[in-house]
Amino acid sequence: MARFSRFFSRGRSMAPAAGAGDDKRRATIAHLAEFVRTRVGVEAYVEDATHDTSTTMLLIATTGEWTRRRVPDEATAHKVAHDLQIPVYDVRFTGYPQRFRDWNSAQRRR
């Protein structure tokens, strides 16, 4: 049990400080809203959690420019997309749009 002692020490709470999660959540929502506001034709793509990453939401503009942020779960991603009034797709079923791949290829050539 010694190796877990730093996580389960007596008398100390390991809960995050009040409001810390709220600040991150607000910053994420603000970033996504700003991306939607400043680009044309933005669509959301939900990416499943993997062994290495949690569930993410990928926003892709008509130019192929994109941004990705972690979200707690798929339902939250759908709610955020609904609140931002943009279409949302599940990458498992639709795959990534060609404009996303084209934009990434053009960025690599720079």
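Colleague: Between which two elements is the loop that holds Gln85?

Modeller: In this predicted model, Gln85 sits in the loop between H2 and E4.

Colleague: What makes Gln85 count as exposed?

Modeller: The relative accessible area of Gln85 is 72%. Exposed requires over 50%, so at 72% Gln85 is classed as exposed.

Colleague: What is noted about the phi of Gln85?

Modeller: Gln85 has a positive phi of about 60 degrees, although Gln85 is not a glycine. In general, most residues other than glycine have a negative phi.

Colleague: Why is Thr56 called buried?

Modeller: The relative accessibility of Thr56 is 8%. Buried means under 20%, and therefore Thr56 meets the criterion. Thr56 belongs to strand E2. Leaving aside neighbours within four places in sequence, Thr56 is in contact with Tyr45, Val46, Glu47, Arg68, Arg69, Arg70 and Val71.

Colleague: How do you know that the side chains of Thr56 and Glu47 make a polar contact?

Modeller: The distance for this side-chain pair is 2.5 Å. The cut-off is 3.5 Å for a pair of N or O atoms, one able to donate a hydrogen and the other to accept it. The pair therefore qualifies as a polar contact.

Colleague: In what order do the strands of the sheet stand?

Modeller: The sheet is open, has 4 strands with mixed pairing, and follows the order E3-E2-E1-E4.

Colleague: Why are E3 and E4 described as standing at the edges?

Modeller: Strand E3 (66-70) and strand E4 (88-90) each have a single partner strand, so one side of each is left without a neighbour in the sheet. On average, neighbouring strands of this sheet are turned by 25 degrees against each other, direction ignored.

Colleague: How do you know that E1 and E4 pair?

Modeller: There are 3 bridges between E1 and E4, in the parallel sense. Pairing needs at least two bridges, and therefore E1 and E4 count as paired. Tyr45 has Tyr89, in E4, as its bridge partner.

Colleague: Which helices are placed against these strands?

Modeller: H1 lies across E2 and E3, and runs at about 160 degrees to E3. H2 packs on the sheet and touches E1, E2 and E4, with its direction at about 175 degrees to that of E1.

Colleague: Which residues touch the most other members of the largest nonpolar core?

Modeller: They are Val42, Met57, Leu59 and Ile86, in a core of 15 residues. Helix H1 (20-38), strand E1 (43-47), strand E2 (56-60) and helix H2 (74-84) each contribute at least two residues to this core. H2 gives the largest share, 4 residues. A second, separate core has 5 residues, among them Leu58, Ile60, Val91 and Phe100.

Colleague: With which residues is Leu59 in contact, neighbours within four places in sequence aside?

Modeller: The contacts of Leu59 include Leu32, Phe35, Val36, Val42 and Ala44. Also in contact with Leu59 are Glu65, Trp66, Thr67 and Ile86, among others. As a general tendency, nonpolar side chains in soluble globular proteins are buried together.

Colleague: What describes the protein chain overall?

Modeller: The chain holds 4 helices and 4 strands, and its elements run α-β-β-β-α-β-α-α from the N terminus on. Buried residues account for 26% of its 110 residues. Among contacts between residues at least 6 apart in sequence, 53% join residues at least 24 apart. The accessible surface comes to about 8000 Å², with 54% belonging to carbon and sulfur atoms.

Technical notes. Residues are numbered from 1 along each chain as its sequence is written. This is a predicted model: local features need pLDDT of at least 70, side-chain atom pairs count only at pLDDT 80 or more; totals for chains, interfaces and linings use all residues. Side-chain values use heavy atoms; hydrogens and water are left out. A nonpolar core is a set of buried Ala, Val, Leu, Ile, Met, Phe, Trp, Tyr and Cys residues joined through side-chain atoms within 4.5 Å. Buried means under 20% relative accessible area, exposed over 50%, partly exposed in between (1.4 Å probe, protein chains only). Contact means heavy atoms within 4.5 Å. Accessible areas come from the Shrake-Rupley method with a 1.4 Å probe; for residues, only the protein chains shown count as cover. Axes are lines fitted to C-alpha atoms, for helices over the stretch in contact, and angles run from 0 to 180 degrees between N-to-C directions.
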